[in-house]
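Here are my notes on this one, written up as numbered points. They cover the pocket, the ligand, the cavity and a few backbone spots worth a look.

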Amino acid sequence: MDRLAIDGGKPVRENKIYYGKQWIDEDDVAAVAAVLRSDYVTCGPKVDELEKALCEYTGAKYAVALNSGTSALHCAILAAGIGPGDEVITTPITFAASANCALYCGARPVFADIDKDTYNIDPESIRAHITERTKAVVAVDYTGQAVKIDEIRQICDEHGLVFIEDAAHSFATQYKGKKVGSLADMTCFSFHPVKTITAGEGGAVLTNDEELYKKLVLFHTHGITHDEKLMEDAPHEGPWYYEQIELGYNYRITDIQAGLLLSQLAKIDKFASRRKEIVRRYNEAFADVPEIIVQKEIPESDSCRHLYVIRLDLDKLSCSRRQFFDALNAENIVCQIHYVPAYWFPYYRHLGYEKGLCPVAEEVYAGIMSIPLYPKMTDDDVEDVIRAVKKVTDNYRKG
Ligand SMILES: Cc1ncc(COP(=O)(O)O)c(C=O)c1O
């Protein structure tokens, strides 16, 4: 049974609202139905159409659509030629996949600390963690804000590193007026339902580099090629022939998912502007609440936020983060914490990672909480969240 609201009375709203949610219209349903009625449910024309549309939207030259953001990261690491003995620098304040992709390939994730205001990876900390084994940086656009792309580009160029942007959160974000997707060596998107647009499950890697693109194509479909120029044993016996020339995977997206994503992509401007509108309203509402720290933005990033993270100033509150979280839940505002530092998990601990590696990330983690943000929220929903956050803050304000 739900707890009573913080004042023992009625919660600010009757039904629960969650931190994220997809927006599916009848035209999305029709797009999926059309694919189901067509000749191909996978390996068909919708996937090609999707890849072209992703390039057009982002300005990237090449796109490989995949079945998840995780497989996008795995393929990017493979395409970068990373293997056992190599190191990959990433942030701890991210979903597990940003670090796991290095482990999949036998490499070691190395965690750089974050900026205390933006919560994105700190370029100076990247520099401090570079060794002769470092091969790549996986920089995460946390909550949808672009990382410091120019600084990271420069570091990668100086040290011969591959710059992989984990843009799972930042579809539709722009950096210095250019869309995320065409800025790093490879950019990985996720199309999970809480993300800006969804394919149910899905992902993509975008690049401007033809060689990387060819590798991504191979790795996402078993390392198999139909291209005679890439075959060792051509000329071959007949049209049925293909060759496996790498160890790849089945990371293909279906045409059903591609059809859904194309339909979602057609509505991206509406989704992005509503997300931005809600973020502006939250920023304005919390500006005069000293107990609530708002994530800072770098001016270069015109962010389409996937998450809205508040950070509690626990010195000014008489409660723990857990109590605040539970109190919001009792108001029917269901939050989430993004993220427990990746190296705190038992799997990483057993690999020898210890608490204390990234002090800023750990301090930020202690106070953060993602409150509801998704484009289908009504103005009343947004005001309910604000009222609930303020109510709980008032209740726990010290002094
Ligand atoms: C930062 C980040 N990277 C990668 C992923 C993995 O994406 P997917 O869930 O599509 O595999 C996620 C998913 O939540 C994510 O948040």
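1. Let's begin with the largest pocket, which comes out at about 440 Å³ in this predicted model. Its lining runs to 26 residues, and F95, S190, H192, K195 and Y339 are the ones closest to the centre. If you're colouring the lining by class, expect eleven nonpolar, twelve polar and three charged residues.

2. Which elements supply that lining? Helix 3, helix 4 and strand 9 (186–190) each put in at least two residues. S190, one of the residues closest to the pocket centre, falls within the range of strand 9, 186–190.

3. Where does the ligand go? The ligand sits in this largest pocket. Two elements give two or more residues to the shell around the ligand, namely helix 3 (69–79) and helix 4 (97–104). Helix 3 is the top contributor, with three residues in the shell.

4. Now for the shell itself. There are 16 residues around the ligand, and those that come nearest are G69, T70, D166, S190 and K195. By class, the shell splits into six nonpolar, eight polar and two charged residues. S190 and K195 turn up twice in these notes: they come nearest to the ligand, and they are also among the residues closest to the centre of the pocket.

5. Which side chains have polar atoms close enough to the ligand to list by distance? For D166, a polar side-chain atom lies 2.7 Å from a ligand nitrogen. For S190, the side chain has an N or O atom 2.8 Å from an oxygen of the ligand. The side chain of Y339 likewise has an N or O atom 3.1 Å from a ligand oxygen. As for how covered the ligand is, it exposes 390 Å² when taken alone, and the protein buries 91% of that.

6. Y339 deserves a second look for its backbone. A cis peptide bond joins H338 and Y339, with omega at about 5°. Y339 is placed in the loop between strand 16 (333–334) and helix 11 (346–350). So that you have it all in one place: Y339 follows a cis bond, is among the residues closest to the centre of the largest pocket, and has that 3.1 Å side-chain pair with the ligand.

7. Next, the enclosed space. How many cavities of 30 Å³ or more does the structure hold? One. The largest cavity has a volume of about 50 Å³. Lining it are D115, T118, N120, I121, P123, A146, V147, K148 and I298. In class terms, that lining is five nonpolar, two polar and two charged residues.

8. Two more backbone spots to check by eye, both with positive phi in a residue other than glycine. C43 has phi near 55°, and its place is in the loop between helix 1 (26–36) and helix 2 (45–58). Y119 has a positive phi of about 70° and belongs to the loop between strand 4 (108–111) and helix 5 (123–128). While you're at Y119, note that T118 and N120 both line the largest cavity.

Methods. Residues are numbered from 1 along each chain as its sequence is written. This is a predicted model: local features need pLDDT of at least 70, side-chain atom pairs count only at pLDDT 80 or more; totals for chains, interfaces and linings use all residues. Side-chain values use heavy atoms; hydrogens and water are left out. A residue is near a molecule or strand if one of its heavy atoms lies within 4 Å of it. A polar contact is a pair of N or O atoms within 3.5 Å; within protein, one must be able to donate a hydrogen and the other to accept it, and residues adjacent in sequence count only if both atoms are side-chain atoms. Accessible areas come from the Shrake-Rupley method with a 1.4 Å probe; for residues, only the protein chains shown count as cover. On a 1 Å grid over the protein atoms alone, a cavity is a set of points where a 1.4 Å probe fits but cannot get out, and a pocket is an open set with protein on both sides within 12 Å along at least five of seven lines; lining residues have an atom within 4 Å of a point. A molecule sits in a cavity or pocket if more than half of its atoms lie within 2 Å of its grid points. Helices (H or I, at least four residues) and strands (E, at least two) are DSSP runs, numbered from the N terminus. Ala, Val, Leu, Ile, Met, Phe, Trp, Tyr, Cys and Pro count as nonpolar, Asp, Glu, Lys and Arg as charged, and the others, Gly among them, as polar. Grid points are joined across faces, edges and corners, and a volume is the space filled by probe spheres set on the points.
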